[in-house]
Amino acid sequence: MVSKENSLKQRLMPAIIPSRHMLISLLKIAVAGGLIYWLVASERFDLKALAKIAAPQVWLFGLTIFLMVVLVNSRRWQILLRFENVRISYWQSVRLSLMGVFFNFFMPGGVGGDVIKAGYLMRDNKGKKWFIGWSILVDRILGMIALLFFSGIIGVLFSKKLPENLRASFMSLSYLILIGFVSMVAILIFSPKKSIEQILKSHPFLEKVFHPLFFFFQKPQLIVVPFLLSLCSQALVISIGAYLIFYLELSIPYWVLLLIFPFGFLAHPAGGKAEVV
């Protein structure tokens, strides 16, 4: 009797499993469609505001740059995950990043999509949940640091072109940003890493929660490539603004563009998300 039941289950399983996967896929599509409809209906995604740039070449350029940003940032996150041997394929990193971008559009707060993509990765790496969580934060921090560095350099180079009532403020802020950047790099390089690690391992809670973060500071030289990728990502985002100014035929000097976008991103409440993902 038992063998007959097992035989019946074995015959039914191939049919049940595809049906289950199909149902889950349809459910995901329905949820995605419902969320997109809600974005449009609630005017969070204003279609009328896009009328001025409703041209194929604009959308093609924007989509191309968007995909390039996703590819660059996905590679950055993949590199950071390797600090503690969390191995994922590049395609998996891109897929999780796209998922994060989608959820960032409608979830409240600035880290909604990050929580979703981290959650998916944690399912397959249960022993490294804290490290994965820290990797998301470090990924965001690198984006913000790159934006600050970019703003500081641009501010120093072009602040002299501003009116006198703005020149001193921009110049002071730019130098302050660069001094802070240099100080941070010095701390990362010369900090007593062995002593810090001993402190973190002195208590189970510290070792469990904060020691995974320490992996990113053990070898500062490994941060160089992710940081350069962050600079590349910021430059790509700014290029979208440059192209829109060119398309709309606005007479704005290039140096004004370079000042407006990085400092504008910093002033925005979601400045750290200026990279799209």
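Which pattern does the chain follow when it is read along the sequence? In this predicted model, the chain follows the pattern α-α-α-α-α-α-α-α-α-α-α, and the count behind that pattern is eleven helices and zero strands. Of the 277 residues in the chain, 35% are buried, while the area that the chain exposes comes to about 17,100 Å², with carbon and sulfur atoms supplying 71% of that exposed area. Among the contacts whose separation is 6 or more, those between residues 24 or more positions apart account for 70%.

The charged pairs offer a way into the arrangement of these helices. A search of the whole structure finds three salt bridges, and one of them is formed where the side chains of Asp139 and Arg76 meet, with a distance of 2.6 Å from N to O. Asp139 lies in helix H5, which covers residues 129-158, and Arg76 lies in helix H2, which covers residues 56-81, so this pair ties together parts that are 63 residues apart in sequence. Both Asp139 and Arg76 are buried; for Arg76 the relative accessibility is 0%, which is why Arg76 counts as buried, the cut-off being under 20%. The side chains of Arg76 and Asp139 are also joined by a polar contact of 2.6 Å.

Helix H5 takes part in another such link, this time through Arg140, which forms a salt bridge with Asp114 in which the closest N and O atoms are 2.9 Å apart. Because Asp114 lies in helix H4 (residues 112-124) and Arg140 in helix H5, the pair ties together parts that are 26 residues apart in sequence. Asp114 is buried, with a relative accessible area of 5%, and Arg140, at 12% relative accessibility, counts as buried too.

The salt bridge between Glu197 and Lys201 has its side chains meeting at 3.5 Å, again from N to O. Lys201 is partly exposed, since its relative accessible area is 44%, a value that falls between the cut-offs of 20% for buried and 50% for exposed.

Helix H6, made up of residues 164-190, can be followed from end to end in the model. H6 has 27 residues and reaches 39 Å from its first C-alpha to its last, which is close to the 39 Å expected at 1.5 Å a residue. Within H6, the residues Met171, Ser174, Ile177, Leu178 and Phe181 are buried. Elsewhere in the chain's surface account, Val185, Ile189 and Phe190 form a nonpolar patch, and together these residues have about 310 Å² of accessible area. Phe190 has its place in helix H6, and Phe190 is exposed, with a relative accessible area of 68%.

How many of the eight residues of helix H9 are buried? Six of the eight residues of H9, which spans residues 211-218, are buried, so this helix is largely enclosed by the rest of the structure. The buried residues are His211, Pro212, Leu213, Phe214, Phe215 and Phe216. What covers these buried residues of H9 includes H2 and H5, together with helix H7 (193-200) and helix H8 (204-209). H2 and H5 are also the helices that hold Arg76 and Asp139, respectively.

From H9 the reader can turn back to H7, where Gln198 is found. Gln198 counts as exposed at 59% relative accessibility, whereas His211 is among the buried residues of H9. Gln198 and His211 are 13 residues apart in sequence, and their C-alpha atoms are 9.8 Å apart in space.

A last stop is a loop residue with a notable backbone angle. Asn85 is found in the loop between H2 and helix H3 (90-104), and the phi of Asn85 is near 60 degrees, a positive value in a residue other than glycine. Asn85 is exposed, with a relative accessible area of 51%, which lies over the 50% cut-off for that class.

Terms used. Residues are numbered from 1 along each chain as its sequence is written. This is a predicted model: local features need pLDDT of at least 70, side-chain atom pairs count only at pLDDT 80 or more; totals for chains, interfaces and linings use all residues. Side-chain values use heavy atoms; hydrogens and water are left out. Helices (H or I, at least four residues) and strands (E, at least two) are DSSP runs, numbered from the N terminus. Buried means under 20% relative accessible area, exposed over 50%, partly exposed in between (1.4 Å probe, protein chains only). Contact means heavy atoms within 4.5 Å. Accessible areas come from the Shrake-Rupley method with a 1.4 Å probe; for residues, only the protein chains shown count as cover. A salt bridge is a side-chain nitrogen of Lys or Arg within 4 Å of a carboxyl oxygen of Asp or Glu. The expected span of a helix is 1.5 Å times one less than its number of residues. Patches are made of residues with over 30% relative accessible area and no salt bridge: like charges are joined within 9 Å, nonpolar side chains (Val, Leu, Ile, Met, Phe, Trp, Tyr) within 5 Å. A polar contact is a pair of N or O atoms within 3.5 Å; within protein, one must be able to donate a hydrogen and the other to accept it, and residues adjacent in sequence count only if both atoms are side-chain atoms.
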